[in-house]
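Let's take a walk through a protein together. Have the sequence and the 3D view open, and follow along as we go.

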Amino acid sequence: MPIRVRLALAFALVMAVVLGITGIFVYASTRDGLDSAIDRELRARLAGVVAIVVDDGDDLGDPRRDVLERVDQEGFVQVLRPDGSVADSTDPDLTETPLLDPDQADSLVASGGTREVTIAPGDTGLRIVAADTRDDGVTYTVIVGASVAERDATVSDLGSKLLIGGPIALLLAAAAAYGVAAAALRPVERMRREAEGIATGPAAGPGSARRLPVGAANDEIGRLGTTLNEMLARIELAFERERSFVSDASHELRTPLSILKMEIDMALAAGRSREELTEALSSAAEETDRLVALAEDLLVLARSDQGGLPLRRAPLAAGDLAERIAGRFERRAAEAGRSIEIRGDALSDALDADEARLEQALSNLVDNALRHGAGTVTVEFSRAGAATEISVSDEGSGFPEAFRERAFERFTRADEARARGGSGLGLSLVSAIAEAHGGEAGIDPERARVWLRIPAPEPLIVL
């Protein structure tokens, strides 16, 4: 069933219980109130009759004196002798038959309460009170009563109205609950239709994506719509990045593949000398190496996106890592008339890291410094709280301001014309490797410096 129907039924069930309990309470309270009013009136009349009997009890039953004629004629009075017989009564039908036997009369007098009796089956009920009194040494039992027909008619009429009005009120409440639920869920239905249009409609271009309608009220539904719109924005951004990633990857692969195809065609051309063939194959090998490196970088990033880059952590001496990096790029730096300097106060520290991945990250940074920077390249190992900070810097002018905010995005270069080589994945790889180690990477906005922090190994607890 639709949720609005389920809400209406649930509300109707609760209202049925509430109305039922309320109806029983009102019915019982009304009946008790009427009984209390009758009892108060009966006790007032009983006190008057007792006073009469005390004065003229010896004249009871004498038609000439008619002692009970002074009693209010509403209801009835019956006076019993000690043997249980009727001494006098205001009702001709009750002059022979006592309403209570001696035991019942004694019990009612002792309790001081009231009791309901009937003279004959099917007759209207009578509500009675009783008290003992004495006159000239004789104990009389005075019984005062009143018919409960009016009370029964009142509560019966009330019960009928409750039985008729209760279901009507329940139906009205259920209808109101359905209307309220429908009105409350109407924004959800609008969001659902809009979401269906987003899911089945044509793909929107950048910046033109549709969003779910959100009302002005800051309620649960409004916050839900805002959260879903934020989620859609993140999904749109992710799709846009994927499209950009595929486009940039295709562009990066096309260039070396085109060069490789051209070199192979030139090598296969007739009349090529041995030297020309060797040069063509060398160029083809260089482009193949570039393709292999690009494929490896893309694989690392893909694994990082899939939930974490797999690492083989092991204790690693920071100084040994620095020497290997310097040795790898020493010849290239010398050919460019530059140098690589290793320094820092953490060269003697041990790192808990994947040696191959960390070496790959630092190699990318040193390669970028040699490719795009100027002057001496400095690789520095320093302590940053509980982490080891490794930075690579040079004496160049630093990063352009527009490049800093997206420096770690994939296929992003400071040189948008792509005229200086590289795939634009270097800093993305550095960030992915740092995050895989539980650290982070960043750039210095003031100078040409890139850093990454690797958390220190946790101390071994010996039990």
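Before we start, one term: two residues are in contact when they have heavy atoms within 4.5 Å of each other. Also keep in mind that what you see is a predicted model.

With that in hand, find R151, which sits in helix α3, residues 149-200. Is R151 buried or exposed? Its relative accessibility is 5%, and buried means under 20%, so R151 counts as buried. What does R151 touch, once we skip its neighbours within four places in sequence? The answer is R31, L34, D35, I38, E116 and R127.

Now for the inside of the protein. In soluble globular proteins, nonpolar side chains tend to be buried together. Here, the largest nonpolar core has 32 residues, and the ones touching the most other members are L358, L362, F381 and L452. Several elements each chip in at least two residues, including α6 (318-335), α7 (355-372), β9 (377-384), α9 (426-436) and β12 (449-455). The largest share comes from α7, with seven residues. Set apart from this core is another one, made of 17 residues, and I38, V50 and V79 are among them. You've met I38 already, as one of the contacts of R151.

Zoom in on L452 for a moment. Leaving out its neighbours within four places in sequence, L452 is in contact with a whole list of residues, among them L358, L362, L365, I390, V430 and A434.

Next, turn to α7 and α9 and look at how the pair packs. Their axes are 9 Å apart and make an angle of about 150°. Angles over 145 degrees count as roughly antiparallel, so that is how α7 runs relative to α9. The crossing of these two helices is left-handed. Which residues meet there? On the α7 side you'll find R357, L358, Q360, A361, N364, L365 and N368, and on the α9 side G426, L427, L429, V430 and I433. Sorted by type, the residues of this contact are seven nonpolar, four polar and one charged.

Last stop: D91, in the loop between β2 (86-89) and α2 (102-111). D91 has a relative accessibility of 23%; since buried means under 20% and exposed means over 50%, D91 counts as partly exposed. Now look for G75. Along the sequence, D91 and G75 are 16 residues apart, and in space their C-alpha atoms are 8.7 Å apart.

Definitions and conventions
Residues numbered from 1 in each chain as written. Predicted model: local features only at pLDDT ≥ 70, side-chain atom pairs only at ≥ 80, totals over all residues. Heavy atoms only, no water. Core = buried A, V, L, I, M, F, W, Y, C linked by side-chain atoms within 4.5 Å. Buried < 20%, exposed > 50% of the residue type's maximum accessible area, 1.4 Å probe, protein only. Helix = DSSP H or I, 4+ residues; strand = E, 2+ residues; numbered from the N terminus. Axes fitted to C-alpha atoms, helices over the stretch in contact; angles between N-to-C directions. Parallel < 35°, antiparallel > 145°, perpendicular 65-115°, else oblique. Left-handed = near helix turned anticlockwise from the far one by under 90°. Nonpolar A, V, L, I, M, F, W, Y, C, P; charged D, E, K, R; others polar.
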